[in-house]
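Please read what follows with the structure open beside the text, and turn to each part of it as it is named.

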Amino acid sequence: MTIDRGGGEAQALWVDLGAGLKLALGIIQLCQDIPKGITDQVIQNDMPQFDAQQRVMAINRLLSTGRIDLLKSGNQLIYRLKNAEAASKVKGAGSHEKLVYQIIEEAGNKGIWIRDIRYKCNLLLTEVNKILKNLESKKLIKAVKSVSLRSWMMDRNANAAENVLVDLDQELEHIRGFICGCRCFDDGTCCQQFMDWEIVDTPNECKGDNSQTEGLRLKNPLSCSPGSSHPMTNSGSICSTGEESTHLLLYLQNHHPQASTSTNSVCLTRSMNSADINCPEQSRHIRSRTSPLLQQSAHHVKWLLPLAHQKMTKEAASKKKVYMLFNVEPDRSVTGGAWYSDQDFESEFVEVLNQQCFKFLEQKATTAREAKTNPMAQKNAAYASSSDICKYISELGISKVNLSVEDIEMILDTLIYDGKVERSIVAGGGGDAGGQMKLYRATPHITPPTGLMRTPCGVCPVFHECHAGGIISPTNCVYMKEWLEY
Amino acid sequence: MSTNEINLCSFILKEYHGPVAEKVGVYLLKNGSMPLRMIAQDLSLKLSQTKKTLYTLMQHNMVDFELHKRGFVEYRLDIENVLVRLRFPRFIYSAKMLYGDTAELLVEELLHHGQIEMSRLLDKVTERLNESAEGGEVSSENVREQFVALVHTQFIRRCLAVTTHTTGQPQAIPSFSTEEQDVHTVPTSVLNAVDSRKRKRSVDGSEQATKKQRTDTSEEQLPDKGVFWQIDYQRFNHYLRDQHIINAIGERVDKRAAETVRAILRLSELSMDFRVPTTNPVSYHEIMQALPKELGVNSETLDQYLKILVDDSMEFILKADDSGGGMYVIHLKRALTTICKAHLESVVRERFGSKYFRIFKLLMLKKQLEQKQIEEFAMIPAKEAKDMLYRMFGEQFVTITEVPRTPDHAPSRTFFLFSVNISYVARMLLEQCYKAMFNLTLRREHETKENKRLLDKQQRVEAIAASLEQSGADPSQRDEVEEMITPSERAQLARVKHITNKLEQSELQLEETVFVLQTYLQYDKLS
């Protein structure tokens, strides 16, 4: 690209550079003035003296030095000043490091998994690992072990489902981003790329069922996980990135219009959604070409989305290392709340609380019984609300951590599972936001230990090996002898 | 029928009816219905001996017979009626608690004989009462009243009468009258006959007890010949079942609530069909009247108790209707399920521990759970929870359901849901109970056999001492005889007594578990 402004080459370059610098400074100034971001139109209006070519150069330079961000709003591109603080922190680092740092920063106090980082920045695993190690040693980020309780905590929260959906949305975002970024899209090249794909028929391993599942697999054996013959895994991994799912979509449409097996519909769904939401030129193009397929697989969406959700929850549930900025306090869902210290479940603490709660309820029941009032009053006096118990526990001061009513309710639930306590819910009784009050009451066991367990046979470890006349037999049983001598 | 069950049956038959009965019984259990000749041949017994054994077993309601379509008679052993033998002590105790000593003896004698005529039974009981009672003579009138009361409350039933066939042709098996409804009434003819005999006796003068027995041996003299009576096992079982329900309520709420439940059960017990899951509706006023006055329950308190019982999370008692001040029923099936659950829970708690119990109860409450969820709900560290869950799975307290996401059932893509199948666990525990019961009885037999010589000696010495006392010998002579048992032998005897007592007590306790499980499974089968 040459810019002819007349005059000598060196001078032209100098002028060009000077103009570019001026333009760049102007853009930064504009960005600072309008923190929401500016469009190309704004720049043009503010500095009409520069032509499109110069603007492109200046913006490219600013982008490459990491001073501004390129964002998209509707079908307009927006330039915005990058966080100066972040830029200064990772000063001297490579652009990849900056990228990773930004991704981690975005994740906030929830943290982000290494696979998601890789997935977002499209770097090689080894490189991401190196960068993460580097950042960690600089004390810019930290690794936090997420606890297994996470998915459950999500469930307990009202927005549990939302969280899962957010996860899913992030992936969709990614695909969407890809489709936007897919500047030059040409059927010819696509088809060229898709030649690497093949449709495979995988016989079902299920006994008695000879039906075959159609699946997709890469011809290139290197990118196909060896040994696994099931289409779900292969197509799943293949289609995990947006690029491939779009390719796949096109490919399917070109070569196999009937393909609507469950195996590829997850990614179909994803790409369909992204195409649906975003509608840039290219995806619209895809959509117009693939609409019969989309319709065809529409009914799969219904049951595949829950599946995808489930997958998400499962991932969230497993113990995994997440990265977050060094100074960020990890979210409750990551640390597991009050029951975890250093990511280890404190079973003793839970046990002590369990016992204390029961003691409280039992005492209440005993005083109620001794009051000798009428039976109804006796029963009602034995009940205690969860907030009362919570207050009692915090007054006891056994817990260093502040326990919320929900925490106590979890403990009380374990007491219900212990069969020592029963719960009854009173609507509109308490000051709780939900208008519900949970009442708990200690209840005795309805039977004494059963007869079987009062004989040595009930607890005998070799009960199943015991036979009359055998090596182990009731006549020479040592356990029985001891029990009888007692 | 499992090996454990057969083992136990064989032991019961041997203990109470001898080795031949055991042989025949086990043969019938293993082979099902069999004709007489086959039994004799396969067991290489004499035909007469086999016949006698079958008579005995039939007398004790253990053997049934039916006509094969080819025209020969087949004999079948009713295993339930054999196993019910273990419950006899409880039956006798219940009768004593309900109606006192006379009823106790009546039931005891009746159980002892299997089937017997009324007059003979009354004589025996009167005799025994007079033997034990110091002082005042117990009138046979009193015994007769007790007997009639027991019949009215359906604890004793009449055996089906043999109908005389009019055709005159000899038939292979006797036919029975099928009028079920009058088995719980004493026919006036029988009453009159018994009474007239009494009168005759009293006219005859005060005959001595020893002589009376001699007259009884000649069957012809019995006025109520051919009308036999037997214990209604079903009725006793129901009574025991009700006791379990009452006790459970007593533990759960309090004594007075238990009395309320007892009143409801009492009011509907006589008109109940076994096959329905709930009792007949009982009105508020009826309950009020049926409650014992000394409890001091006024209508307000009763109202509250009923409200508590209906509101209770166990849901034993339901309000069926609002008429008549409120109609209440007891959901027997639910009650039995709850009680059975309590027993299963008790087994888990005692055998494994409270943490295991938490997981078990959690599964019962939440039905189907994945491993992860179990760890989280129970708040037990994953490693421990896994260990506990798998151990219970290994011991078959917990079952697993596979829900595959893909048709190939690959473990990585399959949900494994854990759950508790109550009737399955109950069945398994019932088997274990049978085995444990067999073990206990075997051990008891072993202990007695080990010390047989000593026990015999003690018996002999006691007999001699007793005869000496009767003949009026001086105490020194008696002491001399008693000293034939050395101190070490005496200690050993005390030990044996202690051991047998302990074993017998355990057998009774174990029988309670068996009873709960059996009754639960019966109700479980109903729906």
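In this predicted model, Lys72(A) is found in strand β2 of chain A, which runs over residues 68-73. Is Lys72(A) buried or exposed? It falls between these two classes, because its relative accessible area is 41%, and Lys72(A) is therefore counted as partly exposed. Thr39(A) stands 33 residues away from Lys72(A) along the chain, and the C-alpha atoms of these two residues are separated by 9.7 Å.

Around that strand, the secondary structure of chain A amounts to 21 helices and 13 strands. Chain A has 486 residues, of which 43% count as buried. When the contacts in chain A with a separation of 6 or more are considered, 61% of them are made by residues that lie 24 or more positions apart.

Chain A also meets chain B, and here 65 residues of chain B are in contact with 63 residues of chain A. Three residues of chain B, namely Arg358(B), Met379(B) and Arg443(B), supply 14% of the area that chain B buries against chain A, which is more than any other three residues give. The size of an interface is often expressed as the accessible area that is lost when the parts come together. For chain B and chain A the buried area is about 5,700 Å², and carbon and sulfur atoms give 62% of it.

What polar and charged pairs accompany this buried area? Between chain B and chain A the count is four salt bridges, and 17 residue pairs are found in polar contact across the interface. Arg358(B), already named for its share of the buried area, forms a salt bridge with Asp418(A), in which the closest N and O atoms are 2.8 Å apart. Residues of both chains also appear together in a network of salt bridges, which links Glu422(A), Arg441(A), Arg252(B) and Asp312(B).

Which helix gives the most to the side of chain B that touches chain A? Several helices of chain B each supply at least two residues to that side, including α11 (233-252), α16 (354-366) and α22 (487-526), but α19(B) gives the most, with twelve residues. Taken by residue class, the side of chain B that touches chain A divides into 26 nonpolar, 16 polar and 23 charged residues.

The interior can be followed next. The largest nonpolar core has 114 residues, and those with the most contacts inside it are Ile359(B) and Phe397(B). The largest share of this core comes from α19(B), with 13 residues, and α19(B) is also the helix that gives the most to the side of chain B that touches chain A. If residues up to four places away in sequence are left out, Ile359(B) touches Ile374(B), Ala378(B), Ile380(B), Ala385(B), Met388(B), Leu389(B) and Met392(B). Another core, of 36 residues, lies apart from the largest one, and among its members are Leu105(B), Ile116(B), Val143(B) and Val151(B).

Over all chains the structure holds 37 salt bridges, and a group of them within chain B shares one arginine, Arg444(B). The side chains of Arg444(B) and Glu15(B) meet in a salt bridge with an N to O distance of 3.2 Å. This pair links distant parts of the chain, since Glu15(B) belongs to helix α1 (residues 3-31) of chain B and Arg444(B) to helix α19 of chain B, 429 residues apart. The two partners differ in exposure, for Glu15(B) counts as partly exposed at 36% relative accessibility, whereas Arg444(B) is buried, with a relative accessible area of 11%.

Arg444(B) also forms a salt bridge with Glu504(B), where the closest N and O atoms are 3.8 Å apart. Because Arg444(B) lies in helix α19 and Glu504(B) in helix α22 of chain B, this pair ties together parts that are 60 residues apart in sequence. Glu504(B) counts as partly exposed, at 36% relative accessibility. A further salt bridge joins Arg444(B) to Glu507(B), with the closest N and O atoms 2.7 Å apart. Glu507(B) likewise lies in helix α22 of chain B, so its pairing with Arg444(B) of helix α19 ties together parts that are 63 residues apart in sequence. Glu507(B) counts as buried, because its relative accessibility is 10%.

Note on methods
Residues numbered from 1 in each chain as written. Chains lettered and ligands numbered in written order. Predicted model: local features only at pLDDT ≥ 70, side-chain atom pairs only at ≥ 80, totals over all residues. Heavy atoms only, no water. Contact = heavy atoms within 4.5 Å. Buried area = accessible area lost by both parts, 1.4 Å probe. Polar contact = N/O pair within 3.5 Å; in protein donor to acceptor, adjacent residues only side chain to side chain. Helix = DSSP H or I, 4+ residues; strand = E, 2+ residues; numbered from the N terminus. Nonpolar A, V, L, I, M, F, W, Y, C, P; charged D, E, K, R; others polar. Core = buried A, V, L, I, M, F, W, Y, C linked by side-chain atoms within 4.5 Å. Buried < 20%, exposed > 50% of the residue type's maximum accessible area, 1.4 Å probe, protein only.
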